[in-house]
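Let's take a quick tour of this one, from the overall fold to a couple of odd backbone angles and then the symmetry. Have the viewer open as you read.

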Number of protein chains: 2
Amino acid sequence: MTTIKVGVVGASGETGSSIVNGLLEAGNFEIIALTRPTSISKPFNLALASRGIIIREQDLSATSDPASLIPAISDLTIIISSIAPLDQAAQIPLATAAKAAGIKRFIPCAYVPVMPAGGTHILRDLKEQVYNHIKTLRLPFTIVDVGWWYQLSIPKLPSGRTDEFLLMGKSEIAGDGNVSSALTDLRDIGKYVARLAMDERAENRYVLVYNEMWTQNEVYKLVEKESGEQIERNYVSKEELEERVASVPEGSLDVTTLSVKAPAQYMLSWGVKGDNTPEYAKYLGYVTSKELYPEMEFNGFEAFVKEVLKGEAPTIYEELKKQFAAAQK
Amino acid sequence: MTTIKVGVVGASGETGSSIVNGLLEAGNFEIIALTRPTSISKPFNLALASRGIIIREQDLSATSDPASLIPAISDLTIIISSIAPLDQAAQIPLATAAKAAGIKRFIPCAYVPVMPAGGTHILRDLKEQVYNHIKTLRLPFTIVDVGWWYQLSIPKLPSGRTDEFLLMGKSEIAGDGNVSSALTDLRDIGKYVARLAMDERAENRYVLVYNEMWTQNEVYKLVEKESGEQIERNYVSKEELEERVASVPEGSLDVTTLSVKAPAQYMLSWGVKGDNTPEYAKYLGYVTSKELYPEMEFNGFEAFVKEVLKGEAPTIYEELKKQFAAAQK
């Protein structure tokens, strides 16, 4: 098997970690983590290095000079980016450099549920600017959306044993809870990305990768059955969600954007409008993982719920939970 | 043959006229021209009526209440819009109404060369807002881009016999003149649109329809050969075109946008970058008319040049030429 050099931006993030794992598991990639000079000796990067990943120093921001980025990527074939939601613009000089360096596939930071551009979601719209720049450059790309994570779909139990999966300390049901949405185990994302990165059918395409379709009401019933606990339903209406969105000033990009506006916009999109489905993805021109990899094995949602209830599922977003808790005080 | 009710917005424009002709020629459409109340008895609309087209009064602007538009479109199956470059936003309430009215295919006002969104061209970006709105609504659509018109590709001859085809009174060559660009006879556009409107393969797709690929240098040589005249070459560099773009204040939408910025951005896109090609269209996810209708007959560019030199080709944009001439004074 030929080894392909792939650069990963944001390897320390939730999605980035899944991607690194998926690439390692695939076995045919030489992985280079592009890392801020200040992060180079952080425990996370030392752990990556111990797993055979090359840690390469490269500062990256929206104001980086593209020419300065070329040396750090000129030996790479593929770049996979997964950076913080509000840092998307840092990919603009990176994409320019990638074009100049002859990168064969650029996988920008998508990894959200299926949503249209143009006002549905602030984070989707920040990504759109990057996608437009990539297309203007004619850089070969794959845009990978992933549905909604299993890890963000678990309701609060009276016993508290799912609390580690509650980003905001509570769980809510969008609308009437009967809207189907594509769910994916965060840990499977990297497996999909590792395949897509080498798949010609995914070149210059939007791809939805997902495991299973669930409504929130179905999820709550499943978790009640598996836990033996009664779960309180906090239904949040479309109007209430729209009020939350309106409560954050237009154009603001701060912690309230991430903790108030973004969650409400997500719930409106996947929970009320029902955007996060393979049908809507196909309407928007996506191909789905079910079409590309019908045989692929993935973790089922029921198995995940059992893992969570046994306390065996890794938790997520430790840092972000602290930030959100601080912002709520 | 079943008759399909199709509403045409902007039937009096250059592209709209071609579309009406194409629909009439196809023979299976009942055509309803949605027309401003103030235009209802203009000669153009009387001429349409005499050809069997139903003239239906409907005012339309960016601030129209969508509910007020539904009665005028509720009996239609298809809506084809072709409105003035700076009036694109009027399609936003129209699309909302079209969704509510159950319109089966909405063909918004595209009809430009292949260009990416996001800063390449002011007129393309105005359309992007409409496309995003359509997608947010999940309205079935076809976006039809048409390359660059034959009618705008004819150089100025010393004899003056092509002057009627010079929108700005002169002819210029973008860059070195060696960039291939997809050219289409304005009169063929309607034939393509009439097919696409009923073609399931075009549902929710971007389509590039075009006749032939030509560079400007090839066009000049052809016209010299056919006319027997020597043509002066006015090469305009990338830098000069960029200066023209920069000379129009960001965000302005007026006659200088149409007469200075838009032409310079078009020349940069199709003449310098080479965006207006089937290859780039496919990269952007388009299907092309050559794939959909390989057998379709169209007017060749050489035949068009002969028509022009004989004085037999209909001229274009009579009103706009006057506006531009006035603005240049």
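What follows covers chain A as a whole, two unusual residues and the way the copies relate.

First, the ground rules. This is a predicted model, in which local features need pLDDT of at least 70, side-chain atom pairs count only at pLDDT 80 or more, and totals for chains, interfaces and linings use all residues. Residues are numbered from 1 along each chain as its sequence is written, chains are lettered from A and ligands numbered from 1 in the order in which they are written, and side-chain values use heavy atoms, with hydrogens and water left out.

**Chain A overall**

Chain A has 13 helices and 13 strands; these are DSSP runs, with helices being H or I of at least four residues and strands E of at least two, numbered from the N terminus. Its radius of gyration is 19 Å, close to the 20 Å that the globule rule gives for 329 residues, so chain A is as compact as a globular protein of that length. That radius is taken over C-alpha atoms, and the rule is 2.2 Å times the number of residues to the power 0.38. Along the principal axes, the C-alpha trace of chain A spans about 55 × 40 × 40 Å.

Of the 329 residues in chain A, 56% count as buried, meaning under 20% relative accessible area (1.4 Å probe, protein chains only). Among chain A contacts (heavy atoms within 4.5 Å) with a separation of 6 or more, 77% come from residues 24 or more positions apart.

**Two backbone oddities**

Both residues below have a positive phi without being glycine.

| Residue | Phi | Loop location | Relative accessibility |
|---|---|---|---|
| A:Tyr111 | about 60 degrees | between strand S5 (105–107) and helix H5 (122–137) of chain A | 7%, buried |
| B:Asn204 | near 60 degrees | between helix H6 (186–197) and strand S10 (205–208) of chain B | 16%, buried |

**How the copies relate**

What turn lays chain A on chain B? A turn of 180 degrees, with a shift of 0.0 Å along the axis, does it with an RMSD of 0.0 Å. That is the relation of a two-fold axis. The superposition is by least squares on the C-alpha atoms of residues with pLDDT of at least 70 in both copies. Of the residues of chain A, A:Gly285 comes closest to the rotation axis, at 3.9 Å (C-alpha). The same surface serves both copies, and 100% of the contact residues of chain A recur in chain B.

Notes: Buried < 20%, exposed > 50% of the residue type's maximum accessible area, 1.4 Å probe, protein only.
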